[in-house]
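Please set out how the charged side chains pair up in this structure, how its two chains meet, and where its nonpolar cores lie.

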Amino acid sequence: MYKRANLLLLLSLLIGTMIFIYGCGNSAKVEKEETSQIKSLTTAEIKENLGKDNWILVDTRSNDAFNGWALDGVDRGGHIKGAVDFAANWLKVDNQDNQEILKKLLEAKGIAPTMNVVLYDANGKDAKEVADYLSQNGLGNLYYYDVKEWAADNNLAMESYPNYQMLVPAIWVNDLIKNNNDSRPYKIFEASWGEESEDYNKGHIQGAIHINTDEVEEGPLWNRLPDDRLEKFALNNGITVDTTVVLYGADTSAAARVATILKYMGVKDVRVLNGGYNAWVEAGYEVETTVNKKVKVTSFGAKVPGNKDYIIDLQEAKEILADREGSRLVDIRSWAEHIGETSGYDYIEGKGRPAGVAWGHAGSDPYHLEDFRNPDNTMRNAAEVLAMWKDWGINPEQRLSFFCGTGWRAAEVLIYADVMGLKNISIYDGGWNEWSGDSTNPIETGEPKQQ
Amino acid sequence: MNVKIKKISSLFLTSMQVFVLSIVFILEYLSNRKMGVARYLTYKKALYETQFFNPDQLFFYKLILVSVLVISLAVLAYSLIKLKKSKVTGTILIGIVATIVLLLLVFLKDSIQLNAFPFFILALVIITLLQSFRLVLKLIDR
């Protein structure tokens, strides 16, 4: 009797286990099938529905592809005109607030459950990752499209930023190193503060040399060095007017600061790694810890500055403020700094803003720039930036000069504005540090009226 | 003065001197490691240069320091010859050393390159004042 009971128990266990395994496998299979069963649309269907209120086209590729780089085998770079971006890369960002940030982005971009959402990519993977994320967040009307088809037809509108090449993807930098820039001179620099950089020492791009931002600016105003000393800096770092210079850092604003100064000096080909050092690491490329020595050159090759209008000083800033119709001085600081709640810095006493400036947005505090960056620290969508500025009376047709406390945040925004193709742009080097240091300069505090 | 009180007050004065000097060295160390500290010290240096360390003021400080040094050396000589009190001698010696270091800071052009330069000056002035106070106490107690 016991033998029979044991046999029965064993049999029930076996059957139960089989049912369990089959059930789980099946639900995974169903999940997989559900994902891969997102309907693919044809180019004709895309054309038919593009522009309709209840349809939204979402580019799930990297920000570099969205900006203009022809990656993953597409014939043309850039994004389908009218598409919004929601990169698969953003889903993998290691940040405890990432889920909340992504949800806010979905809302801001209009990717809602009521919409028919067309997800496109070029590698067959990005769209599926985003589709999985969206379906987990309650979006059901999802479609897939292979953008290679659209890119192959020159009659179909694609948009890329006029100067997208200024902001480079990691793959471009890797190719530059592998091909030795086709024997043309190039340098890769890691830009951060300090003689010794912890970021650099922990690991850097092969061949990269550390630039201490104190090599290009000095206190107490933290303006760029005089032109003769900037030339010495260039010679010391092996930079000539014809050198292709690639700048990056853990903090892109440091790289952007050096980039704007090099462009001001006249270096013809200055590039910034989009997304910073993290973009290189995420791409899986080699890092090294060897400290690479600077190799000097004897001549810069041109008179400094070659592009003097790229950086302006106090007098020009005042001229811009006086020209209310044709120009704007744009405050790239946090709201709290703009309204005078805080100066933002231990070493700047004054609080407020120069009278007559427009608030250009920045981030949550002096060390962040969320309003201009995606979750993976790549450049924010230009259409969104311009819409944000339009709400605050900043017209891209005007002469725009950006400033912040001492020039780092404004430098990054200047580079993005340049990438977007804005003409007549500059950075006001002295910024709030200089302006607030002279009590004769007019100041405002409090909340301004949105224009 | 009660021996215990003397010891406590001596310990307190020494601790204050060590604390003040340590803070300044820590600031100088951090100024090469932290951008925020470096910029803050640069700002303070620029501020104090106009308020307390302009060329006229620096000349005045040099005069005072040289006078203090001369007086200290005279007191040291007096204490060695007349008083023969080793504890007082030691106190005066420390004061002299602090004065000499201050003089070097003020005279040497390279010292102004120190990021925490104004704070070094301040720290050494505090140390010298505390040392003078300690000397007065010892003289009273004698």
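## Salt bridges, interface and cores

Over all chains, the structure holds 24 salt bridges, a salt bridge being a side-chain nitrogen of Lys or Arg within 4 Å of a carboxyl oxygen of Asp or Glu. This is a predicted model, in which local features need pLDDT of at least 70 and side-chain atom pairs count only at pLDDT 80 or more, while totals for chains, interfaces and linings use all residues. Residues are numbered from 1 along each chain as its sequence is written, chains are lettered from A and ligands numbered from 1 in the order in which they are written, and side-chain values use heavy atoms, with hydrogens and water left out.

Three of the salt bridges within chain A are listed here.

| Pair | N to O distance |
|---|---|
| R61(A) and D59(A) | 2.8 Å |
| D85(A) and K109(A) | 2.7 Å |
| E218(A) and R229(A) | 3.0 Å |

In the pair of E218(A) and R229(A), E218(A) belongs to strand β12 (residues 217–218) and R229(A) to helix α9 (residues 227–236) of chain A, so the bridge ties together parts that are eleven residues apart in sequence; helices (H or I, at least four residues) and strands (E, at least two) are DSSP runs, numbered from the N terminus. E218(A) is partly exposed at 36% relative accessibility, and R229(A) is partly exposed at 37%, where buried means under 20% relative accessible area, exposed over 50% and partly exposed in between (1.4 Å probe, protein chains only). By contrast, R61(A) is buried at 3% and D59(A) is buried at 0%.

Between chain B and chain A there is one salt bridge, in which E217(A) and R39(B) bring their closest N and O atoms to 2.6 Å. Both residues belong to a network of salt bridges that also links R224(A), R257(A), D313(A) and D429(A). About 1,000 Å² is buried between the chains, 65% of it given by carbon and sulfur atoms; this buried area is the accessible area (1.4 Å probe) that two parts lose on being put together, summed over both. On the side of chain B, M35(B), R39(B) and Y43(B) lose the most area to chain A, together 63% of what that side buries.

The largest nonpolar core has 81 residues, and V173(A), L262(A), W389(A) and F402(A) have the most contacts inside it; such a core is a set of buried Ala, Val, Leu, Ile, Met, Phe, Trp, Tyr and Cys residues joined through side-chain atoms within 4.5 Å. Helix α15 (residues 408–420) of chain A supplies the largest share of this core, nine residues. A second, separate core of 25 residues includes L65(B), A116(B), F117(B) and F119(B).
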